[in-house]
Amino acid sequence: MPNLHASLQRRYSYKNYNWTQHIDECENGTVCPSGICFNEPGGHSCGSCPDGFVGQGGHCMDIDECHDERVCIRGLCLNTEGSFLCQCGPGFRLSSTGDQCDDVDECQEEMAPCQALGECVNNMGSYTCTCPGGYRQIDGTSCIDVDECLEETELCSPHGTCLNTKGSYLCVCDTGFTASLDAPSCDDIDECGLNETRCGPHGYCENRLGSFQCLCDQGYQESQDGQACEGECSMY
Ligand SMILES: [Ca+2]
Ligand SMILES: [Ca+2]
Ligand SMILES: [Ca+2]
């Protein structure tokens, strides 16, 4: 209490003054707004204004800290007598210095907000949960599989059936078809192109949609399914 000490010193230096005739204004605690009062012969003086106030001695005025744009950054500043309050909105937290609002990094908090598969991405005042391909965000925090087969009814048609999987889907192709490399559909298998001698030495292979047909040389006959040539001998 250096000011109290100074006051006592000053009182001590006037020890020879006739105190019986002197009125001590400092006894009335309201004479100095600063709260620091020096009793003097024939009067008094006031100490400097306390923190948060500006002025000299008897005249102290509250400082409006909120006028300073460096105070309470990103927050709502409320001036008070001798100080100020900084109120932070959702997604922000008062800094340790108490004079600005800092973004809360929700992704680093103990209770991470994103559910399984959701990747947390922090941003100023909030966060987002991003989902991997084939998943869609719900409730802002969770990722669910997209059922591509339900949402795009023409997928894999007309020669295949769509099968939903977690994070993707499959085209299950009809017999004679195979999944297309460049579209979600099923392409005809060119059985003849894959195996030119498919119909043996006595037949010509002709590709058909979803199948193939053997055209047999004279003296040979197509098998029941049309996919081989049989000599007359084998028929008996
Ligand atoms: Ca944030
Ligand atoms: Ca899926
Ligand atoms: Ca074919």
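Helices, counted when they span at least four residues, and strands, counted from at least two, are runs assigned by DSSP and numbered from the N terminus. On that basis the protein, which is seen here as a predicted model, has three helices and 20 strands. Of its 236 residues, 14% are buried, and of the contacts between residues at least 6 apart in sequence, 20% join residues that are at least 24 apart.

Before turning to details, the reader may want to know how confident the predictor is. The mean pLDDT of the protein is 86, with 87% of the residues reaching 70 or more. Over residues 1–20, however, pLDDT stays under 50, and for this stretch the model has eight contacts beyond four places in sequence.

A first place to look is the pair formed by strand 9, residues 119–123, and strand 10, residues 126–130, which run antiparallel to each other and are joined over five bridges. Within this pair, asparagine 122 stands opposite tyrosine 127 of strand 10. The two strands make a hairpin with two residues between them, and in its turn glycine 125 has a positive phi of about 85°.

Further along the chain, strand 13, residues 160–165, pairs with strand 14 in the antiparallel sense, here over six bridges. Leucine 163 is found opposite leucine 170 of strand 14. This hairpin has two residues between its strands, and glycine 167 takes a positive phi near 85°.

Strand 14 also rewards a look at its side chains. In a regular strand, side chains alternate between the two faces of the sheet. Along strand 14, which covers residues 168–173, Tyr169, Cys171 and Cys173 point to one face and are buried, whereas Ser168, Leu170 and Val172 point to the other face and are not buried. Leu170, on the face whose residues are not buried, is thus also the residue that stands opposite leucine 163.

Finally, isoleucine 63 offers an example from outside the strands, since its place is in the loop between strand 4 (59–62) and strand 5 (76–80). Is this residue buried, exposed or partly exposed? A residue needs 20 or more other C-beta atoms within 10 Å of its own to be buried, and 12 or fewer to be exposed; isoleucine 63 has 18 C-beta neighbours inside 10 Å and therefore counts as partly exposed. Apart from neighbours within four places in sequence, isoleucine 63 is in contact with Gly52, Phe53 and Val54. Phenylalanine 53 lies ten residues away along the chain, yet its C-alpha atom and that of isoleucine 63 are separated by 5.2 Å.

How values were computed
Residues are numbered from 1 along each chain as its sequence is written. Chains are lettered from A and ligands numbered from 1 in the order in which they are written. This is a predicted model: local features need pLDDT of at least 70, side-chain atom pairs count only at pLDDT 80 or more; totals for chains, interfaces and linings use all residues. Two residues are in contact if their C-beta atoms, placed from the backbone, lie within 7 Å. Two strands pair if DSSP finds at least two bridges between them. pLDDT is the predictor's confidence in each residue, from 0 to 100.
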